[in-house]
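Biologist: I would like a close look at a single part of this protein. Please go through it step by step, for someone in a first year of study.

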Amino acid sequence: MSRAINESEKDDGFYVPNLVHSVDGLIHDSVYDKIPECLRPIVDIGSNRQERDVLLIGAITVISGCLPNIYGLYDNRMVYPNLFAFIDAPAGAGKGILNHLRLLGKPIHMSRIEATRAAMEGFEERKSEMKSKNEDPSSLPVPKQKLLFIPANSSASSFINTLTENDEMGILFSTEADTLANSLTQDWGNFSDVLRCAFHHESVEMQRRANREYLVVVEPRLSVMLTGTNGQFKRLIPNTENGLFSRFMFYTMKSVPQFKDVFSQRDTVPGQVCGTLGDRLLELFQRLQSYLEPVQLSLNPH
């Protein structure tokens with residue numbers, strides 16, 4: 001169905017006659033009137049309404065993985081903020097702007113890596129000290145590898161082990177869904193069941209054959225942010241019967257057959273905007289982690 005297009009709409013960065021404009025599903029402007037102030041600089045990075053939409057979806061997905069010690073009750077079950085999102089877009093649609101959102105969690109990720117490095121230094125010093133005294137250092141516990149972002153090309157055992165070493169939480173962030181799809185098609189990397197269970201915070205168990213080590217994640221709290229083409233999406237989730245399909249939020253971008261001047265200077269630098277909010281998220285993350293009791297979020301009847 002066609003309708004009249006006014007001049008202001010033609011100036012919109014993603015306007016394509018009889019294509020994009022006829023597709024419903026864009027997030028209504030009224031939503032952006034109500035978002036928290038801290039998110040406004042993020043959505044303002046977008047040069048058009050499509051980019052604004054995916055930046056909002058991507059930001060809340062990444063942030064959902066940075067909120068420890070918060071839960072709510074849904075159907076009389078404890079649930080956590082974690083979200084799964086997939087941005088489906090052809091080449092040239094502008095999904096590359098989502099790369100900046102990784103900076104939201106980078107300060108947390110780097111602080112945990114630095115904590116691991118410091119712990120390993122202390123471990124090595126203590127081990128050397130015990131050896132010098134002819135004591136057996138094998139009883140020393142090896143420090144856990146702390147991080148926030150979990151690589152998408154992990155093996156199944158490595159993926160579960162990473163969750164166990166990181167308080168059962170993490171973010172799977174990949175701008176090429178093929179990376180995850182390739183892992184899930186391999187015997188060593190098929191952890192699709194782990195993703196399905198993690199969405200509902202259901203326990204996951206694994207026993208390693210080599211040393212009979214038993215791994216269990218009691219309440220996985222995993223956020224997943226993926227982008228890719230339609231072909232990559234179909235490789236990852238071939239049909240609606242696949243259990244992963246119902247776990248994800250989906251947003252389909254349309255290609256933009258319009259030249260983008262990459263040399264034009266804008267008032268905001270996306271990396272700086274996301275980095276600034278990332279520093280604030282680190283402070284929030286550390287504060288929430290320090291709570292002895294988790295915070296319950298509840299909605300009033302209204």
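Which residue in strand 7 is the bridge partner of M169?

Modeller: The bridge partner of M169 in strand 7 is R221. This is a predicted model, and what follows is read from it.

The pair belongs to a longer run of bridges. Strand 7 covers residues 221-228, and strand 4 and strand 7 pair in the parallel sense over six bridges. One of the other pairings places G170 opposite L222 in strand 7.

Strand 7 also pairs with strand 3. Strand 3 covers residues 84-88, and five bridges join it to strand 7, with the two strands running parallel. In this pairing F84 stands opposite V224 of strand 7, and the bridge partner of I87 in strand 7 is T227.

Strand 3 in turn pairs with strand 8. These two strands are parallel as well, and four bridges hold the pairing. One position to find is A85, whose bridge partner in strand 8 is M249.

Put together, these pairings give an open sheet of four strands in the order 4-7-3-8, with parallel pairing. Strand 4 (169-174) and strand 8 (249-252) are the edge strands; each has a single partner strand, so one side of each has no neighbour in the sheet. On average, neighbouring strands in this sheet are turned by 5° against each other, direction ignored.

Next comes the question of cover. Of the eight residues in strand 7, eight are buried, so the cut-off matters here: buried means under 20% relative accessible area. Both faces of the strand are covered. On one side the buried residues are R221, S223, M225 and T227, and on the other they are L222, V224, L226 and G228. R221, the partner of M169, is therefore one of the residues under that 20% cut-off.

Strand 3 can be read in the same manner. Five of its five residues are buried. F84, F86 and D88 lie on one side, A85 and I87 on the other, and both faces are covered.

A helix residue touches several of these positions. T61 is found in helix 4, which spans residues 49-64. T61 has a relative accessibility of 1%, and because buried means under 20%, T61 counts as buried. Leaving out residues up to four places away in sequence, T61 touches L83, A85, S223, V224, M225 and M249. In this list, S223, V224 and M225 are buried residues of strand 7, A85 is a buried residue of strand 3, and M249 is the strand 8 partner of A85.

Just before strand 7 in the sequence there is a contrasting stretch. Strand 6 covers residues 214-217 and includes V216. V216 is partly exposed: its relative accessible area is 32%, which lies between the 20% limit for buried and the 50% limit for exposed. Together with Y214 and V218, V216 forms a nonpolar patch on the surface, with about 270 Å² of accessible area for the three together.

A second sheet is useful for comparison. Three strands form an open sheet in the order 2-1-9, and its pairing is mixed. Strand 2 (77-79) and strand 9 (295-297) stand at its edges, each with a single partner strand, so each has one side without a neighbour in the sheet. Here neighbouring strands are turned by 40° against each other on average, direction ignored. Strand 1 covers residues 70-74 and pairs with strand 9 in the parallel sense over three bridges. Within that pairing, Y71 stands opposite Q296.

Last, some totals for the protein chain. The secondary structure comes to ten helices and nine strands. The chain has 302 residues, of which 41% count as buried. Its accessible surface is about 17300 Å², and 52% of that belongs to carbon and sulfur atoms. Among contacts between residues at least 6 apart in sequence, 70% join residues at least 24 apart. The pairing of M169 with R221, where the question began, sits at the strand 4 edge of the four-strand sheet.

Note on methods
Residues numbered from 1 in each chain as written. Predicted model: local features only at pLDDT ≥ 70, side-chain atom pairs only at ≥ 80, totals over all residues. Heavy atoms only, no water. Patch = residues over 30% accessible without salt bridge, like charges linked within 9 Å, V, L, I, M, F, W, Y side chains within 5 Å. Areas by Shrake-Rupley, 256 points an atom, 1.4 Å probe, with all protein chains shown as cover. Salt bridge = Lys/Arg side-chain N within 4 Å of Asp/Glu carboxyl O. Buried < 20%, exposed > 50% of the residue type's maximum accessible area, 1.4 Å probe, protein only. Contact = heavy atoms within 4.5 Å. Pairing = 2+ DSSP bridges. Axes fitted to C-alpha atoms, helices over the stretch in contact; angles between N-to-C directions.
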